[in-house]
Each structure stands twice: as C-alpha cells, then as structure tokens.
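Subject: Structure handover

Hi,

Here is the structure I promised to pass on. My notes on the ligand site follow below it.

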Amino acid sequence: MRRDYGGEADLQDLQRFAQRIWSPGSRWHIGDLAWNLGQAPTTAAGRPMALWRIGAEPVAWGWLEAPDELALLVDPARPELAEQVLDWAEGVTSAPPTVTVFDSERHLDAALRRRGYSADTEGPYFLAHRRDLAVLPGVPRLPAGFVVRPVRGEADLTRRVAVHREVWHPSALTEERYRTLVRRWPYRSAFDVVVEAPDGRFVAYCLGWYDEVNRAGLFEPVGTLAEFRRQGLGRAAGIAVLRAFRDAGAETAVVYARGDDAYPVPKQLYAALGFAPHARTVSYRRRRGRVSG
Ligand SMILES: CC(C)(COP(=O)(O)OP(=O)(O)OC[C@H]1O[C@@H](n2cnc3c(N)ncnc32)[C@H](O)[C@@H]1OP(=O)(O)O)[C@@H](O)C(=O)NCCC(=O)NCCS
C-alpha cells in the first residue's frame, strides 16, 4: 500500500490527510504542506517521499526533507504504520535518519522509542504556538503613508515576491514559483497581507493559510525588511491576517517559531501577537546498527 509520491494529485491527498488528523499539536498544517511542496511548477517532490494508503485513504506519509532528515505523518488511529515509514526511510538513507516530531505527537514518540530511537532535546528546536481568535485587537495605526492590505493578485506579484526574497536572501522563491503556489489549494489572497510603504514598495508581509475543516489558520511565513523592523509593521500584518481568519470562520491560529535562544525574535513577535507556546519539536536519532528493543 506504499506508493512513491507522484505529484499534484498526491499533494491534495496528503493535505486532506493532514487535515483529517490535524490538531494544534500536529507538525503539519495544510498550509505548511502547500508552502513546502506547492511551489514547484513541476509536480515532482524533489526528495524521496511516499504515501501509505488503505484503500484510497492516506494513512501515513514520509518525506526525506534532507538526505538524513525524515518528516512524517501517521494516523494516530494506526500508530503501527510508523514502523513502515521508518523501514522505508532507513532503506533509502545510508544511516538511520534524524526524525523530528512535536512532543505532542505521542503516538510517534512511542513508535520511535520502540524502534530504538532516542530523543535529543539539545540544539535548535521549534515551538508550536496557538492563539484563540475570540477577542482580537484592531489593526494598529502605521507610520504615516504606510498601508496594510491583502495582495491584489497578479498586479502585486512582482513586489510580493521581492519582499519575501529580500527578507530571506538568498531565497529560492521566484515569481514563477509564487504563481504556481497561488493557483493551488488552499491559497487565498485574503490571507496574503502586505505592508506597502509610501514609495509603493512592499516592506512587510504575513502569509496566512486557512483550514476551514479545523477552523484553524496558520502563519507561514512572516517577514519585514531589515530597515523597517521594530516599527510595528509585522504586528500590523499579523493582526490583519488574524482578523481575516476570524472573518472566514476560524477559531484558532497557530504558528511555529524557533524556541531556542539562537533565533529568538519571531517568538517575541508572536508573543506580542497574543500567541502562547504549547508544544516543541524533538529530534530522534538511532545509532547505526542498533536493533529495536
Ligand atoms: C520577525 C519579524 C517579522 C518582526 O517584524 P517587525 O516588523 O520588526 O515586528 P514589529 O515591529 O511589529 O514588532 C512587534 C513586537 O514583536 C516583538 N519584537 C519584534 N522584534 C523584536 C526584537 N528584535 N527583539 C525583541 N522583541 C521584538 C516586540 O514585542 C515588538 O513590539 P515593540 O516593538 O512594541 O516592543 C522580523 O524581525 C523579520 O522579518 N525577521 C526575519 C524573518 C523571520 O524570522 N520571520 C519569522 C519566521 S517565519
């Protein structure tokens, strides 16, 4: 029932699977999958990836997002499938991969430990943050001449890609990739908010993704150009997206940010936006040749 990832059709299946098993403690929101896998104009995943199905229903997924790093999703109702994902990944890599999951994904922790992997909580990690959307602040006033608003499709595309590329320089994003992303589910421009400077440049943005089944929005990614930071632009873009989520029916927003002190600023922004952490990533490793016990 395992099949290597076949592209576009599988991406939707994978996203529907992530949506079906999603909770705020899940590693993968449909928007993360769109952002990470939905930009390629071709449908190839680039790195080894496989889906396990029972009948037509996806029940597990594995992705070697780097040659020795495994990301996975396993239906909590079928935790035993984690073994099959690990069998596959260990067969593809030359050494057992590092497997990163959230500590809230208890079924994966149990499967990894059974297999002889142990948790490593040293080094960089990510925190999952959440925020209830019942009570939201208004969008703050910006410096004179700055405007916060959703993008307006193709007309804004060049500036939209430029602000992302400058924040994340050197960035792999291209106009062609963005065009592909915005055509795919579940992108909606209502959640793609930018701050426009008086000279017309886009100088900050927050890209939101909305899962209407789970009534949960996600930020991925967020950025402000270096020379415009600490002026409240990131906060304004974030609040505008939170309000757009709520207008669409969302009850919760989530965002992932580095939790360790080597990269502290995003979690400070999210704290300022009312998010609180509720889970962290843990990396599991197994020494080569060690047999599960
Ligand atoms: C994270 C980032 C988007 C913040 O944008 P910003 O426009 O500077 O943020 P704001 O000015 O709206 O800050 C709002 C609040 O967040 C917190 N904050 C933001 N930057 C901070 C910093 N460098 N140190 C401490 N707190 C900070 C503060 O509470 C701030 O409120 P205050 O200025 O009234 O104290 C920006 O630093 C950035 O683009 N970084 C690189 C890309 C990145 O890491 N993105 C996030 C991960 S996807």
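This is a predicted model. Three elements each give at least two residues to the shell around the ligand: strand S11 (216–224), helix H7 (233–248) and helix H8 (265–272). H8 supplies the largest share, with six residues.

The shell itself: 20 residues surround the ligand. Val222, Thr224, Gly234, Arg235 and Tyr263 come nearest. By class, the shell splits into 11 nonpolar, six polar and three charged residues. The ligand occupies the space of the largest pocket.

Polar contacts to ligand oxygen atoms:

- Tyrosine 263: a polar side-chain atom lies 2.7 Å from a ligand oxygen.
- Glutamine 231: here a backbone N or O atom lies 3.2 Å from an oxygen of the ligand.
- Arginine 229: a polar side-chain atom lies 3.5 Å from a ligand oxygen.

On cover, the ligand taken alone exposes 920 Å². The protein buries 79% of that area.

One further residue to look at is aspartate 260. It sits in the loop between strand S12 (252–258) and H8. Is aspartate 260 buried or exposed? Its relative accessibility is 10%. The cut-off for buried is under 20%, so aspartate 260 counts as buried. Its side chain reaches the backbone nitrogen of tyrosine 125 at 3.0 Å.

Best wishes

Note on methods:
Residues are numbered from 1 along each chain as its sequence is written. This is a predicted model: local features need pLDDT of at least 70, side-chain atom pairs count only at pLDDT 80 or more; totals for chains, interfaces and linings use all residues. Side-chain values use heavy atoms; hydrogens and water are left out. A residue is near a molecule or strand if one of its heavy atoms lies within 4 Å of it. A polar contact is a pair of N or O atoms within 3.5 Å; within protein, one must be able to donate a hydrogen and the other to accept it, and residues adjacent in sequence count only if both atoms are side-chain atoms. Accessible areas come from the Shrake-Rupley method with a 1.4 Å probe; for residues, only the protein chains shown count as cover. On a 1 Å grid over the protein atoms alone, a cavity is a set of points where a 1.4 Å probe fits but cannot get out, and a pocket is an open set with protein on both sides within 12 Å along at least five of seven lines; lining residues have an atom within 4 Å of a point. A molecule sits in a cavity or pocket if more than half of its atoms lie within 2 Å of its grid points. Helices (H or I, at least four residues) and strands (E, at least two) are DSSP runs, numbered from the N terminus. Ala, Val, Leu, Ile, Met, Phe, Trp, Tyr, Cys and Pro count as nonpolar, Asp, Glu, Lys and Arg as charged, and the others, Gly among them, as polar. Buried means under 20% relative accessible area, exposed over 50%, partly exposed in between (1.4 Å probe, protein chains only).
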